[in-house]
Amino acid sequence: MSAVLSAGAAVQANHFDAWQQVISGAFVPLRASGPQQARFRARIRSHHVGAVHLSEISASPHRVSRTSKLIRGGDSGQLKVSLQLRGNAVVCQDGRETLLAPGDFTLYDTSRPYTLNFDESFRSIVLMFPRELLRLRPSDLAGLRARRFDGRHGTGRLVRSLVQELCVREDAAGSRSGLLICDAVLDVLAAAVEDSAEPAAARGDLLGRLRSFIEEHLADPELGPEAIAAQNHISVRYLHKLFSADGVPVSGWIRARRLERCRRDLADPELAELPVSAIAGRWGLPNAAHFSRLFKATFGVSPREYRAAHLGG
């Protein structure tokens, strides 16, 4: 199967070796892998609009990686934007892991290793273009790789709409209107990047937002790493990495905050008539025996002893 794509060409593959050849020819050298399955299916339709290479991809679950070894073989200095249309994806680059849901898009750099993980069948649009077209300083780009951009609201919505319009325009490759739309995509993408360049994007601020989210949902007994990651559009692995770097695992943080809320309520005279089990339950700890063991291990006395000591009961 040829990996060479002409303007508007569509290529299909039914095994990983063929798909790896196709996508390496369409973009930059890449490695494709995935679970053993009887029916792997993938399709890519690609064309150029000016200096921008545009591809629409539909495929079965798999993983794509750009390794250091492949980069050493040559890099042409390209940026890629991936817009998720169906299914979820996890994009990893420079230690950042981001979950993309339909409507989200992200930016990544072919000069640095990255992976794309698709755990379900998906459809996406990928733009690839020379790095200088986005007019970013290297220091700016470092904070933007593998960041999630919301394509459903604000400037991100304009990016998504223009990218989709460019993708469906069959005459885009050779028309002046196609080139104008392409220029508009890059201009609006630059605006979306500018909008996102704020202190809240820093890793420490993300950790602060995650802790605030946990505080707001402590009463939910189902609160856990999976729910926190999904609601905040990051991978579970990246969530654990953020908390571990700060010295306290995410599960330990949740447990500590719940126990602290319970400790405070047990010492509150206005809640003296509320059973100990009810106090535990209101902070996401419905198993009374388990709560009692945790409380004693943390504070050195049982919940009832703690309440008696502070309320004089």
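A disulfide is a pair of cysteine sulfur atoms within 2.5 Å. In this predicted model, a search of the whole structure finds zero such pairs. Two cysteines can still be placed by their accessibility. C92 has a relative accessibility of 14% and counts as buried. C262 is buried as well, with a relative accessible area of 0%.

The overall make-up of the chain comes next. Its secondary structure amounts to 12 helices and 12 strands. The chain has 313 residues, of which 46% count as buried. Among contacts with a separation of 6 or more, 68% are between residues 24 or more positions apart.

Strand β5 spans residues 62-66. Four of its five residues are buried, so β5 is largely enclosed by the rest of the structure. Strand β5 pairs with strand β2, residues 31-33. The two run antiparallel and are joined by three bridges. Within this pairing, R31 stands opposite S65 of β5. Strand β5 also pairs with strand β10, residues 114-118. That pairing is antiparallel too, and extends over five bridges. Here R66 stands opposite Y114 of β10.

R66 is also among the contacts of T110. T110 is placed in the loop between β9 and β10. Its relative accessibility is 0%, and T110 counts as buried. Leaving aside residues up to four places away in sequence, T110 touches V28, R66, I71, D75, G77, Q78 and K80. One of these, Q78, is 32 residues from T110 along the chain. The C-alpha atoms of T110 and Q78 are nevertheless separated by 5.6 Å.

T106 belongs to strand β9, which covers residues 104-109. T106 is buried, with a relative accessible area of 0%. A polar atom of the T106 side chain lies 2.6 Å from the backbone oxygen of R147. Residues up to four places away in sequence again set aside, T106 touches K80, V81, S82, V91, L100, A146, R147, R148 and F149. K80 is also touched by T110.

Three of the T106 contacts, A146, R147 and F149, call for a further look. A146 lies in the loop between α3 (138-142) and β12 (148-150). Its relative accessibility is 0%, and A146 counts as buried. The phi angle of A146 is near 60 degrees, a positive value in a residue other than glycine. R147 has its charged end over the ring of F149, 5.8 Å from the ring centre. R147 thus appears in two arrangements: its backbone oxygen lies 2.6 Å from a polar side-chain atom of T106, and its charged end sits over F149.

A positive phi is also found at D94, which is not a glycine. The value there is about 55 degrees. D94 is located in the loop between β7 (89-93) and β8 (96-100). Unlike buried A146, D94 is partly exposed, with a relative accessible area of 34%.

A charge over a ring is also found at W253. R211 lies over the face of W253, 4.3 Å from the ring centre.

The aromatic residues were then examined for ring pairs. A pair of aromatic rings is described by the distance of the centres and the angle of the planes. A search of the whole structure finds eight aromatic pairs. In one of them, F299 and Y306 have ring centres 6.3 Å apart and planes at 40 degrees, so the pair is tilted. Plane angles under 30 degrees would count as stacked, and those over 60 as edge-to-face. The two partners have their own accessibility values. F299 has a relative accessibility of 29% and counts as partly exposed. Y306 is buried, with a relative accessible area of 10%. Both residues belong to a wider group. Ring pairs link F291, F295, F299 and Y306 into a cluster.

How values were computed. Residues are numbered from 1 along each chain as its sequence is written. This is a predicted model: local features need pLDDT of at least 70, side-chain atom pairs count only at pLDDT 80 or more; totals for chains, interfaces and linings use all residues. Side-chain values use heavy atoms; hydrogens and water are left out. Rings of Phe, Tyr and Trp (its six-membered ring) pair if their centres lie within 6.5 Å; planes under 30 degrees apart count as stacked, over 60 as edge-to-face and the rest as tilted. Buried means under 20% relative accessible area, exposed over 50%, partly exposed in between (1.4 Å probe, protein chains only). A charge sits over a ring if NZ of Lys or CZ of Arg is within 6 Å of the ring centre and within 35 degrees of the ring normal. A polar contact is a pair of N or O atoms within 3.5 Å; within protein, one must be able to donate a hydrogen and the other to accept it, and residues adjacent in sequence count only if both atoms are side-chain atoms. Contact means heavy atoms within 4.5 Å. Two strands pair if DSSP finds at least two bridges between them.
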